[in-house]
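Student: Please take one part of this model and go through it closely. I would like the contacts and distances set out in connected form, with the surroundings added where they help.

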Amino acid sequence: MIGHLSLGVRDLARASAFYENALAPLGAVRVWAREGAIGFGLPGRQDFLALFQREDACAAGSGFHLAFDAPHRAAVDAFHKAALSSGGQDAGAPGLRPHYSETYYAAFVLDPDGYKLEAVHQ
């Protein structure tokens, strides 16, 4: 089981704004902050994602992506819209992915640092 995932970002303020907006439809919020780092999780819980300011940060290469559970399909749609309006790039519009399963509904984006993110409801 994974406790949390840490990502290096080049611009923490930009990343903070992006993740606050993109993760809000999924119920996640900033749960802690300190100089050079922030953590996101569900309200009143531990972080599942930590972001650290790193001048040399670079996104993981092909084959890596981070998937967030969405409580319903509308949350997947809202995640995608919020991510794009906050500086993310489209990497797969919301929709069914029947090659995964008949109920796999997901959207993909790239964050401002190039990390591939997914919101999925199954």
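Tutor: What follows is a close look at one acidic residue and its partners, and then at a few other parts of the chain.

The model is a predicted one. The residue to begin with is aspartate 113, which sits in the loop between strand 7 (105-110) and strand 8 (116-121). Its relative accessibility is 7%, and because buried means under 20%, aspartate 113 counts as buried. Leaving aside residues up to four places away in sequence, aspartate 113 is in contact with Val9, Arg10, Arg14, Ala15 and Ala59. Two of these neighbours, Arg10 and Arg14, come back below as salt-bridge partners.

Take arginine 10 to start with. Its side chain and that of aspartate 113 form a salt bridge, with 3.5 Å from N to O. Arginine 10 belongs to the loop between strand 1 (5-9) and helix 1 (12-23), whereas aspartate 113 belongs to the loop between strand 7 and strand 8, so this pair ties together parts that lie 103 residues apart in sequence. The backbone of arginine 10 takes part as well: the side chain of aspartate 113 reaches the backbone nitrogen of arginine 10 at 3.1 Å. Arginine 10 itself has a relative accessible area of 36% and is therefore partly exposed, while aspartate 113 is buried.

The other partner is arginine 14. In its salt bridge with aspartate 113, the closest N and O atoms are 3.4 Å apart. Arginine 14 is in helix 1 and aspartate 113 in the loop between strand 7 and strand 8, so the pair ties together parts 99 residues apart in sequence. At 33% relative accessibility, arginine 14 counts as partly exposed.

Elsewhere, a salt bridge joins aspartate 56 and arginine 54, whose closest N and O atoms are 3.0 Å apart. Aspartate 56 is exposed at 52% relative accessibility, and arginine 54 is partly exposed at 42%. As for the bridges around aspartate 113, shared partners join Arg10, Arg14 and Asp113 into one network. The model has four salt bridges by the rule used here.

Now the open space. The largest pocket holds about 380 Å³. Its lining consists of 13 residues, and those nearest the centre are Phe48, Leu66, Ala67, Phe68 and Asp69. Strand 5 (residues 66-69) gives the most to this lining, with four residues. Sorted by class, the lining of the largest pocket contains 10 nonpolar, two polar and one charged residues.

One more position deals with separation rather than contact. Proline 98 lies in the loop between strand 6 (89-96) and strand 7. With a relative accessible area of 60%, proline 98 is exposed. Its C-alpha atom is separated by 36 Å from that of phenylalanine 52, and the two residues are 46 residues apart along the chain.

To return to the starting point, aspartate 113 is a buried residue with a salt bridge to arginine 10 and a salt bridge to arginine 14. Its side chain also reaches a backbone nitrogen, that of arginine 10.

Definitions and conventions
Residues numbered from 1 in each chain as written. Predicted model: local features only at pLDDT ≥ 70, side-chain atom pairs only at ≥ 80, totals over all residues. Heavy atoms only, no water. 1 Å grid on protein atoms, 1.4 Å probe; cavity = no way out; pocket = protein on both sides within 12 Å on 5 of 7 lines; lining within 4 Å. Points joined across faces, edges and corners; volume = space filled by probe spheres on them. Helix = DSSP H or I, 4+ residues; strand = E, 2+ residues; numbered from the N terminus. Nonpolar A, V, L, I, M, F, W, Y, C, P; charged D, E, K, R; others polar. Buried < 20%, exposed > 50% of the residue type's maximum accessible area, 1.4 Å probe, protein only. Polar contact = N/O pair within 3.5 Å; in protein donor to acceptor, adjacent residues only side chain to side chain. Contact = heavy atoms within 4.5 Å.
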